[in-house]
Amino acid sequence: MLTILIDDKDHGRRVDSLLRNLLPGAPLSYLRKLLTSGHVHVNDAHPDAADRLRQGDRVTLKESVRLNALLAGRRSGLDIVFEDQWIIIFNKPGGMPMHRAAEVDDRNLVDVGTALMRVRGEEGKLRPVNRLDRGTSGAVILAKSPSAAGMFGRFVKEEGLDKLYLAVVAGEMSGDGSIDAALDGKEALTRYRVLCSGNGLAVVALAPVTGRMHQIRQHLVLIGHPVMGDVRYKGYPLPAGFPGFALHSFRTAFTHPATNRYETVCAPLPAPFLELMSACDREASVALQSGLPEVTTQSQ
């Protein structure tokens, strides 16, 4: 048996995401078969694909010749948090642009993700369904075909995505509330809940009700709490080793337009973000992390 102990880099990840990243070259049908045949256990129980993992969970896989061959294969270099025949959802690193940008090197999510598909023998080019700013990390959806892009594009325009962001901001805060302030002449609303505060910082969960450009970043600076590292919007600089700024698209939920299943996907927090959370309040941030997959901006 192969045993994997879940740590903070996989906390909140779905079981199918763990399998996809362990076996990036495996067909989706093989990953489904591993789950349905009982070859995967989480804490000695048979999991569902969408079950979320927590730090300290023990995952075991029944070894086989094919499994070991796939484990020895090339790693993708990208964190895949969800995949099916229509879309792939990456946990985008902070500092990586969605598309090629003239002022930086040509490493970008669309090209790197498309190259991964081609290594697997899948032709075509990935197309963004939604986008994240270059400095923002976390879950972002790319379609695998023009038809999937059209289907998901219509869905996002008509129904939208249920998204939850986490940010580390300057200044201590408390409680929860809403930021209702127009941006570029258009109404904009962001709900928030303070999760942790101390040492001149706060960790905040944010749910954008509208979808204006740079909405969360602009709304936070309007209330005097800019995102750490977001120098465009008055954020204090972070150490050179911190990629991007301290804003992370943590959870994305949607009713899949092709399957009609309600999917909830969490993108585990990058290590530099976790370290910055600990600078706010180490004990509180450890306790906070265990409850992150269920965090909400609604009053409790």
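Mentor: Before we start, one term: a residue is buried when its relative accessible area is under 20%. Also keep in mind that this is a predicted model.

Trainee: Got it. Is Arg13 buried or exposed?

Mentor: Find Arg13 in the loop between strand E1 (2-5) and helix H1 (15-22). Its relative accessible area is 4%. The cut-off is under 20%, so Arg13 is buried.

Trainee: Which side chain joins the side chain of Arg13 in a polar contact?

Mentor: Don't mix up two things here. The side chain of Arg13 also reaches a backbone oxygen, that of Lys9, at 3.3 Å. You asked for a side-chain partner, though, and that contact, at 2.9 Å, is with Ser17.

Trainee: And which Cys does Arg13 touch, leaving out residues up to four places away in sequence?

Mentor: Have a look at the neighbours of Arg13, among them Leu18, Asp51, Asp79 and Pro268. That list also includes a Cys, and it's Cys266.

Trainee: Okay, on to Gly38. Is Gly38 buried or exposed?

Mentor: Gly38 is in a loop too, between helix H2 (28-36) and strand E2 (40-42). Its relative accessibility is 17%. Buried means under 20%, so Gly38 counts as buried.

Trainee: What distance separates the C-alpha atoms of Gly38 and Arg127?

Mentor: Along the chain, Gly38 and Arg127 are 89 residues apart. In space, their C-alpha atoms are separated by 34 Å.

Trainee: How many aromatic pairs does a search of the whole structure find, and which residues form them?

Mentor: The search turns up one aromatic pair. The geometry is 6.3 Å centre to centre with 75° between the planes, and over 60 degrees counts as edge-to-face. The partners are Phe152 and Phe254.

Trainee: How many residues apart in sequence are the parts that this pair ties together?

Mentor: Phe152 lies in helix H5 (residues 146-158), while Phe254 is in strand E12 (residues 247-255). Phe152 is buried at 1%, and Phe254 is buried at 2%. The pair therefore ties together parts whose separation in sequence is 102 residues.

Trainee: Last topic, the open sheet. Which are its edge strands?

Mentor: Three strands form the sheet, in the order E1-E3-E2, with antiparallel pairing. An edge strand pairs on one side only, and that picks out E1 and E2.

Trainee: What is the bridge partner of Leu5 in E3?

Mentor: Strands of a sheet pair through backbone hydrogen bonds. Here, four bridges join E1 to strand E3 (residues 58-61), and the two run antiparallel. In E3, the partner of Leu5 is Arg58.

Definitions and conventions: Residues numbered from 1 in each chain as written. Predicted model: local features only at pLDDT ≥ 70, side-chain atom pairs only at ≥ 80, totals over all residues. Heavy atoms only, no water. Buried < 20%, exposed > 50% of the residue type's maximum accessible area, 1.4 Å probe, protein only. Polar contact = N/O pair within 3.5 Å; in protein donor to acceptor, adjacent residues only side chain to side chain. Contact = heavy atoms within 4.5 Å. Phe/Tyr/Trp six-rings, centres within 6.5 Å; stacked < 30°, edge-to-face > 60°. Pairing = 2+ DSSP bridges.
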